[in-house]
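Biologist: I would like a close look at a single part of this model, and then at how the rest is arranged around it. Please pick one strand and take me through it step by step.

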Amino acid sequence: MMNEFEMSDLGLMHFFLGIEVKQSSILDRFKMKDCNAIFTPVECGLKLRRNDEGKKINATLYKQMVGSLMYLTSTRPDIMHGVSLISRYIENPTESHLLAAKRILRYLRGTVDFGIFYKRGVKENLFGFCDSNYAGDVDDQKSTSGFVFIMSSGAISWSSKKQQIVTLSTTEAEFISAATCSCQVIWLRRLLEMLQCQQQGPTKVFCDNVSAIKILKNPVLHGRSKHIDIRYHFLRDLCNDGTVDLLFCRSEDQVADIMTKPLKQAAFVKLRGLLGVCSVDQTFT
């Protein structure tokens with residue numbers, strides 16, 4: 001980066017916008033350095049509730065834990081969904097929420113040397129995946145949107161976020177997820193152009209819902225989609241002008257699945273590898 005742009009390495013951050021920053025090991029801070037490691041950050045099938053009957057815990061400690069994990073998601077997309085999930089309960093946390101947060105720390109204990117590996121010489125074409133977990137929130141029945149963008153051999157942008165509205169079908173949830181993903185496409189393409197890496201042709205975005213793709217490409221189906229908020233239909237314009245190309249992929253190859261729901265170990269490890277997340281030892285093999 002320094003060969004192409006005028007910039008300096010100032011070392012670790014100490015102050016940012018008037019805020020003092022002190023960096024330390026997250027496992028040491030929360031006394032989890034010697035905990036038992038596990039293989040996935042979220043238990044498969046986990047359902048958390050906002051107002052459960054569990055014992056109340058120290059809200060300040062919980063907020064500190066969630067905040068530290070949110071900082072870590074900037075380099076660890078494999079914990080993005082778990083952190084997004086536990087961050088929904090910072091107002092009134094209970095023991096079940098704390099156990100879910102500690103599970104993420106236990107996962108980090110076993111993957112301390114993991115990170116995203118970008119291989120040299122790989123084609124620099126940008127492509128993405130978008131997915132949703134229909135009505136995944138048990139409190140308000142809202143779906144979770146997730147997307148991942150990959151360039152070279154690893155992920156460069158990712159998100160896991162609860163949708164703002166209650167959707168009426170899996171197709172609508174997938175369509176909204178794709179529309180949110182397309183906003184990121186526009187921003188990434190402009191950013192890459194500034195970094196002298198302009199993308200040629202449309203950016204491919206993979207979706208595992210055939211109905212959402214058909215609604216996008218076939219205006220005749222408008223009767224089935226007229227309840228979808230009009231602001232999400234700009235995705236059709238992006239496809240028509242050659243900015244985005246929404247394509248089908250099999251559910252087992254849907255990388256964004258790791259951003260929307262808890263997965264079994266085998267599926268999680270597979271998708272984590274497709275994100276480019278691996279241990280230091282694996283980068284030399």
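Modeller: What follows starts from strand β4 and then moves outward to other parts of the chain. Keep in mind that this is a predicted model.

Strand β4 covers residues 127–133, and 6 of its 7 residues are buried, so the strand is largely enclosed by the rest of the structure. Buried here means a relative accessible area under 20%.

Two other strands pair with β4. One is strand β5, residues 144–151, which runs antiparallel to β4 and is joined to it by 7 bridges. Asn133, for example, has Thr144 of β5 as its bridge partner. The other is strand β7, residues 203–207, which is parallel to β4 and shares 3 bridges with it. There, Phe127 is bridged to Lys204 of β7. As a general point, side chains in a regular strand alternate between the two faces of the sheet.

Next, the charged side chains. Asp131 is in strand β4 and forms a salt bridge with Lys261, with the closest N and O atoms 3.6 Å apart. This pair links distant parts of the chain, since Asp131 belongs to β4 while Lys261 sits in the loop between β8 and α9, 130 residues apart. How covered are the two partners, Asp131 and Lys261? Asp131 has a relative accessible area of 2%, so this residue is buried. Lys261, at 24% relative accessibility, counts as partly exposed.

The structure holds 10 salt bridges. Another of them joins the side chains of Asp137 and Arg88, at 3.3 Å from N to O. Asp137 lies in the loop between β4 and β5, and Arg88 in the loop between α3 and α4, so this pair ties together parts that are 49 residues apart in sequence. Both Asp137 and Arg88 are buried.

A third pair is Lys270 with Asp253, whose closest N and O atoms are 3.4 Å apart. Lys270 is in helix α9 and Asp253 in the loop between β8 and α9, 17 residues apart, and the pair is again one that links distant parts of the chain. Lys270 is partly exposed, with a relative accessible area of 39%, and Asp253 is also partly exposed, at 25%. Some salt bridges share partners: Arg88, Asp137, Asp140 and Lys162 are joined into one network in this way.

Now the nonpolar interior. The largest nonpolar core has 42 residues, and Leu69, Ile86, Leu105 and Leu275 have the most contacts inside it. Elements that each supply at least two residues to this core include α1, α2, α3, α4, β5, β6 and α9. Helix α4 gives the most, with 7 residues. Strand β5, the antiparallel partner of β4, is thus also one of the contributors to this core.

Leu69 shows what such contacts look like. Leaving out residues up to four places away in sequence, Leu69 touches Ile26, Ile79, Val83, Ile86, Ala101, Ile104, Leu105 and Leu108. Apart from this core lies another, of 25 residues, among them Leu126, Ile176, Leu188 and Tyr232.

Ser68 is in helix α2, residues 59–72. With a relative accessible area of 15%, Ser68 is buried. Beyond its neighbours within four places in sequence, Ser68 is in contact with Ile26, Arg29 and Phe30.

Two further buried residues can be placed by their distance from Arg236. Ile215, in helix α6, counts as buried at 7% relative accessibility. The C-alpha atoms of Ile215 and Arg236 are separated by 9.1 Å, with their positions 21 residues apart along the chain. Val277, in strand β9, is buried too, with a relative accessible area of 4%. The C-alpha atoms of Val277 and Arg236, 41 residues apart along the chain, are separated by 32 Å. Not counting residues up to four places away in sequence, Val277 touches Arg76, Pro77, Asp78, Phe114, Gly115, Ile116 and Arg272.

Last, the surface. Met1, Met2, Met7 and Leu195 make a nonpolar surface patch of about 420 Å². Met1 is in the segment before β1, and at 63% relative accessibility Met1 counts as exposed. Strand β4, by contrast, has 6 of its 7 residues buried.

Definitions and conventions: Residues numbered from 1 in each chain as written. Predicted model: local features only at pLDDT ≥ 70, side-chain atom pairs only at ≥ 80, totals over all residues. Heavy atoms only, no water. Buried < 20%, exposed > 50% of the residue type's maximum accessible area, 1.4 Å probe, protein only. Helix = DSSP H or I, 4+ residues; strand = E, 2+ residues; numbered from the N terminus. Pairing = 2+ DSSP bridges. Contact = heavy atoms within 4.5 Å. Patch = residues over 30% accessible without salt bridge, like charges linked within 9 Å, V, L, I, M, F, W, Y side chains within 5 Å. Areas by Shrake-Rupley, 256 points an atom, 1.4 Å probe, with all protein chains shown as cover. Salt bridge = Lys/Arg side-chain N within 4 Å of Asp/Glu carboxyl O. Core = buried A, V, L, I, M, F, W, Y, C linked by side-chain atoms within 4.5 Å.
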